[in-house]
Amino acid sequence: MIFAIEEINRDQTLLPNITLGYRLYDNCVKLPVAIRAAAALVGGLDEVITDYSCKGLPPVLAVVGDPGSTHSIVISRILGLFRMPLVSYYATCSCLSSKQEYPSFFRTIPSDTFQVKAMVQIIKKYRWTWVGAIGSDDDYGQYAVKTFSKQVEKFGCISFSETIPKVNEKEKVVQIVNTINQSTAKVIVVFASEADVTPLVKEVVRQNITGRQWIASEAWSTSTVLASKENFASFGGTIGIAIRRGEIPGLENFLLQIRPVFDPSNNLIVRFWETMFGCKFQENINKQNSSALSGSKVCTGSEDIRHKNTAYSDVSELRASYNVYKAVYALAHSLHNLMSCESGKGPFENNTCADITIVQPWQLLHYLKDVNFTNHLGERVAFDENGDALAIYDIMNWQPANDGALHIKTIGRFDESAPAGQELSLIEGDIFWNSDSRTIPQSICSESCAPGTRKATRKGEPVCCFNCIPCADGTISSEIDSVECFDCPPDFWSNEGRNQCVLKEIEFLSYKDAMGISLMTIALFGAGLSVGVLFVFIFYRNTPVVKANNSELSFVLLVSLTLCFLCSLCFIGQPTNLTCLLRHVVFGISFVVCISCILVKTIVVIMAFKATLPGDNLMKWFGVAQQRGTVFLLTFIQVVICIVWLTTAPPLPTKNTKYQTAKIIFECNAGSFTGYSCLLGYIGLLACTCFLFAFFARNLPDHFNEAKFITFSMLVFCAVWITFIPAYVSSPGKYTVAVEIFAILASSFGLLVAIFAPKCYIILLKPEKNTKKALMGRAGTN
């Protein structure tokens, strides 16, 4: 501060003809002493020091300090009453940014709000989500931890939060270290001064806790005392936030000009000199009059301080000192702006200006708010609306030196004024992590959930501690650490990894399936067999067996059976509008024609038997015309049912996802359940009627008795379709269609074999029985 003031006083461009003075107080790191000093500065309670041309004491216009946040809070409340500016060079508590509570407070060090931002950016960069936080038991530590916790909770969790006591309590420090040791968090942030954090560092080293990534606040990140060889195992690789380093030309020479002066009110320099050179001044020896000091080396005051390499003369790491330098210059520039005010353009009442000779602190406060200049080092010095300095930090790293000690190296920079996303810049290759590993440490409570899973928090634990639950069928998560799984669109389904929606498999009974090929082969075989029997009957149409079994109805029956076999082909393949209409219409009509023919044949057998009785003339009422008419009428009823069904609610191809969520079943929707039920019900009614007639006629004479075979065929037919209903309902997907085709083929084969196999046997293998005499003979034996 003295160097800066003397440099300003020598500057002819800054405050010309104005000499700045100063009063220095040591707060002794004690709040009561700091308050007393502030009261003395405000009230002019200091002893009177006369000057050559001054009458009385010049007023104190501003105070530079206090370095501590707690001290600054108390002092600023006092100075704020008088609107006296307080410019701190080391108080970082974010609470001091409130202009309502601290209207006259300014600082040349960034607020902890920005320090926390820098730390959070580092933590985000390396994807650390499980972090421990430790703060000193004062406003600086507690406000910083609170702000830090709020920021971290936006993307991660605080594993633990501890407070370092101001009074060195061994038990409390041990408890904090035990918490560190037990926690799974590998990254620990500490907001504390060098003095406060020292007991913690010693205990961590004593317990040999390694493998932790420490993040240091600016209050201890550049401490050469803590960055020692003894602490390397535990604290090597520490990343710290540091105040921007600056260079002050000429300061080293100024410091080396110091010489001991015996001042009764200030013996600091004398004590410093004795400590540095390990000697005692004769005056002190005489005062203390101690035999223990009689052999001590006597200081002469002419010792060469330039050959002493100490922290006092080391100007390579000017951080807090550089902030003091900027604070003094900020006050000087605000005074210069006040002095340069043009009459009539001032900021005060009636546009008046302040008089530099009788300036008041509140007037200087007005100009200090708007101070904005670039110093001779090329750095812009200004305050924002909260009185905070521009936030620029150096990022430090504790690295091993060649001799095994720790070396504090600058590895990056944080600049709040940089474009969004570019505030933090790190030299990755220059970072040393820790003594256990050269790789970036991991600090997470739970491993990230891969795509295809979702996070499920554990009961009673922070949100960063979770289990990874696989997504359910039909849902996916495509991002890491997804908190929920999303449903796939209707026509899509989740893949095996549950990380992507894929088109559902479309299922229908295809001609390429083994089942489809088998059913098609059986259907074609049945149709071919029916056509073959038809050709046999046509070729042997004049034989007694064919004539006796009503050859015309047999021909129609065989044609309808052929259609029954062929209609099953409409059920195979991808459903279309045409096939959905044909499969039910052809199936319904062909089966009705088939059963109608069998029913008429049964009635003919019964009529023929009744006609053998004397005086019975029933056959004339049920001749060929009536038989044809009956078949047509019964078929026409089914045709009407089909027409009504198709015009009201026709069957259409639909995608069914009800039974199999992972597949789309491509099927024909019946449209109207009533229409489909009427179609099947009518076939069932005819089949039951035919079965009853055939059952009652089963004992008729053998040469007329086709009723036995019809009874058996109807029994097979009804059994197949009664079994079909539960099998159809319970079969999934394409098997539903397969069951329906099987019922059609089974019932068709039942009719074909039961009715025509005995006749073909006689016609082809027993031609000797295919005579009128043979038929009549069998009748006679009956």
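# Cavities, cysteines and a helix

Student: Which element supplies the largest share of the lining of the largest cavity?

Tutor: Strand β10 does, with 3 residues. The model is a predicted one, in which local features need pLDDT of at least 70, side-chain atom pairs count only at pLDDT 80 or more, and totals for chains, interfaces and linings use all residues. Residues are numbered from 1 along each chain as its sequence is written, and side-chain values use heavy atoms, with hydrogens and water left out.

Student: What makes a space a cavity, and what makes a residue part of its lining?

Tutor: On a 1 Å grid over the protein atoms alone, a cavity is a set of points where a 1.4 Å probe fits but cannot get out, and a lining residue has an atom within 4 Å of a point. Grid points are joined across faces, edges and corners, and the volume is the space filled by probe spheres set on the points. A search of the whole structure finds 2 cavities of 30 Å³ or more. The largest has a volume of about 140 Å³. It is lined by 15 residues, and those closest to its centre are T108, K326, E379, A389 and L390. Two or more lining residues come from each of α12 and β10 (380-382).

Student: How is the lining of the largest cavity divided by class?

Tutor: Ala, Val, Leu, Ile, Met, Phe, Trp, Tyr, Cys and Pro count as nonpolar, Asp, Glu, Lys and Arg as charged, and the others, Gly among them, as polar. On that basis the lining of the largest cavity has 8 nonpolar, 2 polar and 5 charged residues.

Student: Which residues lie closest to the centre of the second largest cavity?

Tutor: The second largest cavity holds about 60 Å³ of space. Of its 12 lining residues, F508, L509, P575, F666 and V737 are the closest to its centre. The elements giving two or more residues to this lining are β22 (663-669) and α21 (734-765). Its residues divide into 7 nonpolar, 2 polar and 3 charged.

Student: Why is the link of C157 and C464 called a disulfide?

Tutor: A disulfide is a pair of cysteine sulfur atoms within 2.5 Å. The sulfur atoms of C157 and C464 are 2.2 Å apart, and the pair forms a disulfide. With 95° about the S-S bond, this link is right-handed. C157 is in strand β5 and C464 in the loop between β14 (453-457) and β15 (466-470), 307 residues apart. The structure holds 9 disulfides.

Student: Why is the disulfide of C341 and C353 called left-handed?

Tutor: The torsion about its S-S bond is about -60°, so the disulfide of C341 and C353 is left-handed. The two residues are 12 apart in the chain, both in the loop between α12 (320-339) and α13 (361-369). Their sulfur atoms lie 1.8 Å apart.

Student: Why is C465 called buried, and why is C353 called partly exposed?

Tutor: Buried means under 20% relative accessible area, exposed over 50%, and partly exposed in between, with a 1.4 Å probe and protein chains only. C465 has 2% relative accessibility and therefore counts as buried. C353 has a relative accessible area of 25%, so C353 is partly exposed.

Student: To which cysteine is C465 joined?

Tutor: C465 is joined to C445 by a disulfide, S to S 1.9 Å. This link is right-handed, with 105° about the S-S bond. C445 lies in the loop between β13 (424-426) and β14 and C465 in the loop between β14 and β15, so the pair ties together parts 20 residues apart in sequence.

Student: Why is C718 called buried, and how do you know that C718 is in no disulfide?

Tutor: At 18% relative accessibility, C718 counts as buried. The nearest cysteine sulfur, that of C688, is 4.8 Å away, and C718 is in no disulfide.

Student: What makes α5 a helix, and how does its reach compare with the expected span?

Tutor: Helices (H or I, at least four residues) and strands (E, at least two) are DSSP runs, numbered from the N terminus. Helix α5 (residues 139-152) has 14 residues. The expected span is 1.5 Å times one less than the number of residues. Helix α5 reaches 20 Å from its first C-alpha to its last, close to the 20 Å expected. Its buried residues are Y140, G141, A144, V145, T147, F148, S149 and V152.

How values were computed:
On a 1 Å grid over the protein atoms alone, a cavity is a set of points where a 1.4 Å probe fits but cannot get out, and a pocket is an open set with protein on both sides within 12 Å along at least five of seven lines; lining residues have an atom within 4 Å of a point.
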